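Hi,

Here is the structure I promised to pass on. Have a look through it first, and then read on for my notes on its sheets and the helices that lie across them.

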Amino acid sequence: MTTRVTDESSTAAAPLTSEGEDSVYQLKWIEWNGAFTPIVTQNHNGPCPLLALCNVLLLRQTLSLAYGSTVTTSSQLVHKLGALLLEGAPKDLPEWERCNYEQNIQDAMAVFPKLQTGLDINVVFNNVTSFEFTSEMGVFDLLGVQLYHGWLPDPQDMPTYDLVHGLSYNHLVEKSIMGSGTGDPQEVQNALVREHFLQSSGSQLTYHGLCELNASVSEGEIVVFFRNNHFSTMMKRQGRLLLLVTDHGFVNEQEYVWQCLQDIDGDGDFLDSRFAWSKHSQTQAQRAKHSSSPPSSPSPPQPPSLASPMADEHAPDYHLALRLQQEEQHRAVQDQALAVRLQKEEVKREREREMAEDKSDHSECLLL
C-alpha cells in the first residue's frame, strides 16, 4: 500500500536546506497515464539525487505537487520526502522493529541535506544493483526506490574481470595504487589492468553493464540510474531503457521528455510524453510506423545526424543542451582521473614519510 503526499499550495512555507540555501526548480508538466503530471527539472546546479528520487515518486503518483504550479524548491521537496517516510511507517510493528525503523528514518532524514548536491555512493563491480551500503543508500531503501548502475567488467575479458569483479570502486582504486608501488612485477601488472579498466570506462557505463541493465530492469519499472556521479530517473518501456529528460532547457518542450539509453557515450534519441519519436528522430519513427510487429529485443535506433539541416525552430536549444550534456560528462571523467592521481600522490607521500621515520629510527639504534 502506498502513501500519497499532496500539496495544496505551491508556495507553502518550508524550512531552508543546509546553510540557508533553498534552490528553486522549474516544473515541467507532461502527459502520463492519461493525466498531466509534473516533473522537476534541474537548475544551474545540475542533476542531483533529490530530483531523481522525487521524479520517480511523482511518476509513481505516490507524491504530488499543486496542479498548475510552475516552480518548487528544494526545501519543499525535502519536506515532502520526510512526510512520505513518516506517513508510510508500517503499523503494529514489534517494539524492536519499530525502534529500528524509527532509527532508520532518523538516519535518512540526516542525509536529506545532501540530496540537493550529491551522495557518497560507492559502486560495487558485482551486478547492476550492487552498492556499498551506507546511510545514504538507506534513503532509497526506505522510499522503495531501486538504484541501478551499469559499470561492470565484461566476463569475456577474463584478466580484467578476475581483478575487478566483486570489488567496490574505492577498494579497486586502493588496490591499483598499492599494487603500482610494490616491487612485485605481478602486482604492478595487476595494478595496470585495474587502472586501464577505470580509464577505459570513464563514462561509468560499459557495454556489458548496458546489457545487464536491459536484462535486470523490469518492463514498466521506474528507478534511479547512477552514472558519472549523477542520478537520473529511468524506466523501461517496450524493451528500451529511457532516461527522463530533466534539463531545464527543455522545460517548455513536450517533444523532449525521454531519451533512449542505447549507447555508452550518451547519444540517444528523444521521445515525447506519448513515447513517439521526436522530430529529430524521423528515421526511427518511419521505421516503427512500417513495422507490423516489433521484435522482442528491438535494435537501438541510430542517433540523428547533427550536421543535417533542421527546420525545427527549437533545433538550437537541442544542440545547446546536447553540447552541455557532453561537456558535463567530459568534466566528470576528468574529475575522476584527477581524484585517482591525487590519491596516488597522497599514498606516495605517506610512504615517503614512513620510510623517513624508519630511517630515523634505524639511525637512533646505531647511535645507541
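Before the first sheet, one term: two strands count as paired if DSSP finds at least two bridges between them. Also, please keep in mind that this is a predicted model.

On that basis, three strands make an open sheet with antiparallel pairing, in the order β2-β1-β3. At its edges are β2 (35–40) and β3 (71–73), each pairing on one side only. Ignoring direction, neighbouring strands here are turned by 40° against each other on average. Strand β1 covers residues 24–32, and six bridges link it to β2 in the antiparallel sense. If you want a spot to zoom in on, try Glu31, which stands opposite Phe36 in β2.

Which helices lie across this sheet? One is α1 (residues 49–60), which lies across β1 and β2 and runs at about 170° to β2. Another is α2 (residues 74–87), lying across β1, β2 and β3 at about 70° to β3.

Now for the other sheet. Six strands form it, in the order β4-β5-β6-β7-β8-β9; it is open too, and its pairing is mixed. Why is one side of β4 (147–148) and of β9 (270–271) left without a neighbour in the sheet? Both stand at the edges and each has a single partner strand, so there is nothing in the sheet on the other side.

Starting from the β4 end, β4 and β5 run parallel and are joined by two bridges. Tyr148 has Phe225 in β5 as its bridge partner. Next, β5 (residues 222–227) and β6 (residues 230–237) run antiparallel, with six bridges between them. Arg227 is bridged to His230 in β6. The hairpin of these two strands has two residues between them, and Asn228 there takes a positive phi near 55°.

β6 then pairs with β7 (residues 240–244), again antiparallel, through four bridges; Met235 has Leu242 in β7 as its bridge partner. This pair is a hairpin as well, with two residues between the strands, and Gln238 in the turn has a positive phi of about 50°.

What lies across this second sheet? You will meet α1 again: it lies across β5, β6, β7 and β8 (258–260), running at about 25° to β6. Helix α8 (residues 207–216) lies across β4, β5, β6 and β7, and it runs at about 95° to β7. If you only have time for one element, try α1, since you can follow it across strands of the first sheet and of the second.

Cheers

Terms used: Residues numbered from 1 in each chain as written. Predicted model: local features only at pLDDT ≥ 70, side-chain atom pairs only at ≥ 80, totals over all residues. Heavy atoms only, no water. Axes fitted to C-alpha atoms, helices over the stretch in contact; angles between N-to-C directions. Contact = heavy atoms within 4.5 Å.
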